[in-house]
Amino acid sequence: MDGVRKSEPWDRVVADAAPGDHIVQLYQDQDFLNRAVCRFAGAAIANGEGIILVPTLTHWNAFRPRLEAEGVDVEAARERGQLTVVDADELLPRFMRDGMPDSPVFLGLAADVIGQARAGGRYQTVRWWGEMVNVLWERGDVAASMNLEDLFDQLGREQDVALFCSFLMDNFNGEVHTHMLPRLGTNHSHLLPVEDYARLERAVADALRETVGAEEARVLQSRLLSEYRQPFDMPRAQALLLALHQVVPTVANPVLQRSRELYTAASGAAG
């Protein structure tokens, strides 16, 4: 259970998710995925909200025991209609046409799922976590994945639900910073880039000092953070990394790679 670990700022983001929020998580290990999704779902149950989960079977088999361990009676929640679980690998082919999501079919199917989750009005406020976009991403179908994210953004506005999705994506990859995060910023409100925000802050600050020197690091950090328009709500250190890529890419890449080394080394030391 999370009680043995300090609460992270992302914990409140997922616990307090409200209609209109569209949260994206980058993860590389199952534990971070489990913690975030189960916090999102557990808070919905505790708040009396409807919760829709659209996982692969493998991930559902990891989520269920954690939810149970955290005090959620999964079977009872499903029986009363508060928890809806839909297999991502079964739902996805139902709206894919020629390798791309069919907009009217997807929006119709998703609206039906949300309507059922509202259980005749018992759960007017509904949350949705799913990984169909990640299934497409992992297949290499990037265009289809991003198209589906745009459709989810439309769905969230039309149906007034809180959305949360998770990508198996490396936050310290230069291509992710150059291409994917700016794209994700067009249809998400919040970014959870890593599990430990304090460790990211230290890693990025140290990497920037090592790369450009202490004085230049102070100047860059102050200027970039004051001028950078964040595409979504995210940790300050993450905003600095993205601002570097936008303004001084020659500095951004070595800082990003050194940040990875420092973040990973600190993880090993903590363990």
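**Close-up views of a predicted protein model**

**View 1. Asn171 and its polar partner.** The side chain of Asn171 makes a polar contact with the side chain of Gln238, at 2.9 Å. Keep in mind, here and in every view below, that this is a predicted model. To find Asn171, follow the loop that runs between β7 (162-168) and α9 (174-184). Is Asn171 buried or exposed? Its relative accessible area is 3%, and buried means under 20%, so Asn171 is buried. Setting aside residues up to four places away in sequence, Asn171 touches Leu26, His177, Leu181, Pro193, Val194, Gln238 and Leu256. Gln238 therefore appears twice in this view, as a residue that Asn171 touches and as its partner in the polar contact, whose side-chain atoms are within the 3.5 Å limit for such a pair.

**View 2. Leu241 in helix α12.** Welcome to helix α12, which spans residues 236-247 and holds Leu241. Leu241 has a relative accessibility of 1% and counts as buried. Which residues does Leu241 touch, not counting those up to four places away in sequence? They are His177, Val204, Val255, Leu256 and Ser259. Two of these names may be familiar from the view before: His177 and Leu256 are among the residues that Asn171 touches, and Leu241 touches them too. For a sense of distance, look across to Leu184: Leu241 and Leu184 are 57 residues apart in sequence, and their C-alpha atoms are 15 Å apart in space.

**View 3. Val113 in helix α6.** Here the focus is Val113, a residue of helix α6. With a relative accessible area of 12%, Val113 is buried. Leaving aside neighbours within four places in sequence, Val113 is in contact with Ile52, Thr84, Val86 and Trp128. How far apart in space are Val113 and Ala205? From C-alpha to C-alpha they are 45 Å apart, with their positions 92 residues apart in sequence.

**View 4. Ala119 and its positive phi.** Next comes Ala119, in the loop between α6 (103-117) and β6 (126-130). Most residues other than glycine have a negative phi. Ala119 is not a glycine, yet its phi is positive, near 50°. Ala119 counts as buried, at 12% relative accessibility.

**View 5. Asp98 in a loop between two strands.** Asp98 sits in the loop between β4 (96-97) and β5 (100-101). Like Ala119, which has a positive phi, Asp98 has a positive phi, about 55°, although it is not a glycine. Is Asp98 buried or exposed? Its relative accessible area is 83%; the cut-off for exposed is over 50%, so Asp98 is exposed.

**View 6. Stepping back to the whole chain.** To place the close-ups, here is the full protein chain, with 13 helices and eight strands. Its C-alpha atoms fill a box of roughly 60 × 45 × 30 Å along the principal axes. A compact globule of 271 residues would have a radius of gyration near 18 Å, and the 19 Å of this chain agrees with that. Buried residues make up 53% of the 271 residues. Of the contacts between residues at least 6 apart in sequence, 76% join residues at least 24 apart. The chain exposes about 11,800 Å², and carbon and sulfur atoms supply 49% of that area. As for charge, there are 26 positive and 39 negative side chains, and the centres of the two sets lie 4 Å apart.

How values were computed:
Residues are numbered from 1 along each chain as its sequence is written. This is a predicted model: local features need pLDDT of at least 70, side-chain atom pairs count only at pLDDT 80 or more; totals for chains, interfaces and linings use all residues. Side-chain values use heavy atoms; hydrogens and water are left out. Helices (H or I, at least four residues) and strands (E, at least two) are DSSP runs, numbered from the N terminus. The radius of gyration is taken over C-alpha atoms; the globule rule is 2.2 Å times the number of residues to the power 0.38. Buried means under 20% relative accessible area, exposed over 50%, partly exposed in between (1.4 Å probe, protein chains only). Contact means heavy atoms within 4.5 Å. Accessible areas come from the Shrake-Rupley method with a 1.4 Å probe; for residues, only the protein chains shown count as cover. Lys and Arg count as positive and Asp and Glu as negative; His and the chain ends are not counted. The place of a charge is taken as NZ of Lys, CZ of Arg, CG of Asp or CD of Glu. A polar contact is a pair of N or O atoms within 3.5 Å; within protein, one must be able to donate a hydrogen and the other to accept it, and residues adjacent in sequence count only if both atoms are side-chain atoms.
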